Amino acid sequence: MSSPVITRFAPSPTGYLHIGGGRTALFNWAYARRTGGKMLLRIEDTDRERSTAAAIDAIIEGLTWLGLDWAGEPVSQFGRAARHREVAELLLAQGKAYRCFCTPQELDDMRARAEAEKRPIRYDGTWRDRDPSEAPIGLKPAIRFKAPQEGETVVEDAVQGRVVIPNKDLDDLIILRSDGNPTYNLSVVVDDHDMGVTHIIRGVDHLTNAARQTQIYMAMGWRVPHMSHIPLIHGPDGAKLSKRHGALGVEAYRAMGYLPEAMRNYLARLGWSHGDDEIFSTDQLVEWFNLESIGKSAARFDFAKLENLNGHYIRHTPDDRLLTQFIDFLPHAEGGPELKAKIDEKMMAKLLRAMAGLKERAKTLVELMNGSRFLFAARPLPMDEKAAQIIRDGGREVLAGVLGVLEQVDNWLAQDIETAVKSHADSSGLKLGKVAQPLRAALTGTSTSPGIFDVLEVLGKEESLARLRDQCA
């Protein structure tokens, strides 16, 4: 009987959870779900100078917003340093590691010689077979792994295929620094082994680390986990993803008004595919996800595709659920907290009635927020330049004519309002648009909005008439 699948997401808390990290977490989560396993979360916080509590909080908050969960409590890699040292000492005792007494100056000289001779910069094995009794007095040694010098190290990768690295290209890496702190490659191997990780899914930039880590697994007699090194994410121009392309923290995408389900769908399609399917639910992702369908080529991030996909999700989200997501989004948006403070039961009802019209014109929650501002606006209504121009260019006269008609509407519903306005337009010899545009400008302060009769209904008779009278005065 095979052991259950255990994946892990292991970010370094030196900044925000970037979009590539979000995708790596999603792939680990989806594979664990697909196979009935579980995903663990390990915070690789061994870089004490750069690791911060704020970054850890941002990672956890970003994963939570994306809708990704994990089994158990997050594990601190730094908190396991004693165990890492124990394994380093065990390798030392077994003759699979050795003490290195090279001074910083000697290592610098070694690097300089390699550069001058245009050789790869590698440790030259000075202390590999040297007797520690020759060590300088008072110098604390580092511990280096005694890497095999002959043959090859093979990484059987589910995405990249069979990767063969000559052992001569891998030097004796430090596994314990002279200050007693373990290094990344040792810590990762020990943690993955102790946590029972069966499948490692991470970026292709870790492929060289995979060879080094495989050597440590073999030296300890431990089973090597299944490896999958996924392609990096590039910008639309094919260059390495940068901030101008969208290399932002996950929290920035929340602030820009993207829905988490849309982000999951979009991130899944960055490097993975299921036939020609572009839009699919998270349940479908879990049902379909496999490692074999991850491509080797770098994926290209495209904001236009993300926006269009997000617009699809907004339009197809039920109004009540979208309203909840909209309200949850407001504290994270510029100008959003002020609007949220104005939401009471009456405003909630207005927003819910307006949602069907608002979401048809919005690709992001920011656009939804901006489209809804007319509901929050206090009189006299601020006007954008286009709306003001409409009022100036004969709009005021049109409003004065339709105002009396609207005052006579008893049943304040969009259908009845539309009937009255159409009748007035016909009797006045005006096209409906010539009446609708001044109404839109006066009621919303803009030249675009949901259907104008829906706007009138949502605002209510009293508020609608008051806004129209403001422009007729």
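**View 1. The pairing of strand β5 with strand β8 in the predicted model.** Ile-143 has Leu-176 of β8 as its bridge partner, in a predicted model where β5 and β8 (residues 174-176) run antiparallel to each other and are joined over two bridges. Strand β5 covers residues 142-145, and its side chains alternate, with Ile-143 and Phe-145 pointing one way and Ala-142 and Arg-144 pointing the other, although all of these residues are buried.

**View 2. The pairing of strand β5 with strand β4.** Strand β4 (residues 97-100) pairs with β5 in the antiparallel sense, and four bridges connect the two strands. Among the residues involved, Tyr-98 has Arg-144 of β5 as its bridge partner, and Arg-144 is itself buried.

**View 3. Helix α2 and its buried face.** Helix α2 comprises the 14 residues 53-66, which at 1.5 Å a residue should span 20 Å, and the distance of 20 Å between its end C-alpha atoms agrees with this expectation. The buried residues of the helix are Ala-55, Ile-59, Gly-62, Leu-63, Trp-65 and Leu-66. Because these buried residues fall within an arc of 160° when seen down the axis of α2, they line one face of the helix. On the other side of α2, Ala-53, Ala-54 and Thr-64 are exposed. The elements that cover the buried residues of α2 include the strands β1 (6-9) and β2 (38-43), together with the helices α1 (19-34), α7 (250-255) and α8 (260-268). Just after α2 comes Gly-67, which adopts a positive phi of about 85°.

**View 4. The surroundings of Arg-264 in helix α8.** Arg-264, which is located in helix α8, is buried but has no salt bridge, and the nearest side chain of opposite charge, that of Glu-261, lies 4.6 Å away. For a salt bridge, a side-chain nitrogen of Arg would have to be within 4 Å of a carboxyl oxygen of Asp or Glu. Leaving aside residues up to four places away in sequence, Arg-264 touches Leu-26, Leu-66, Gly-67, Leu-68 and Thr-282; of these, Leu-66 is among the buried residues of α2, while Gly-67 is the residue with positive phi just after that helix.

**View 5. Helix α1 and the glycine that follows.** The 16 residues of α1 should span 22 Å at 1.5 Å a residue, and its end C-alpha atoms are 22 Å apart, in agreement with that value. Helix α1 is mostly covered, with 14 of its 16 residues buried, and α1 is one of the elements that cover the buried residues of α2. Gly-36, which follows α1, has a positive phi near 75°.

Key: Residues numbered from 1 in each chain as written. Predicted model: local features only at pLDDT ≥ 70, side-chain atom pairs only at ≥ 80, totals over all residues. Heavy atoms only, no water. Expected span 1.5 Å × (residues − 1). Buried < 20%, exposed > 50% of the residue type's maximum accessible area, 1.4 Å probe, protein only. Arc of directions from axis to C-beta. Contact = heavy atoms within 4.5 Å. Lys, Arg positive; Asp, Glu negative; His and termini not counted. Pairing = 2+ DSSP bridges.
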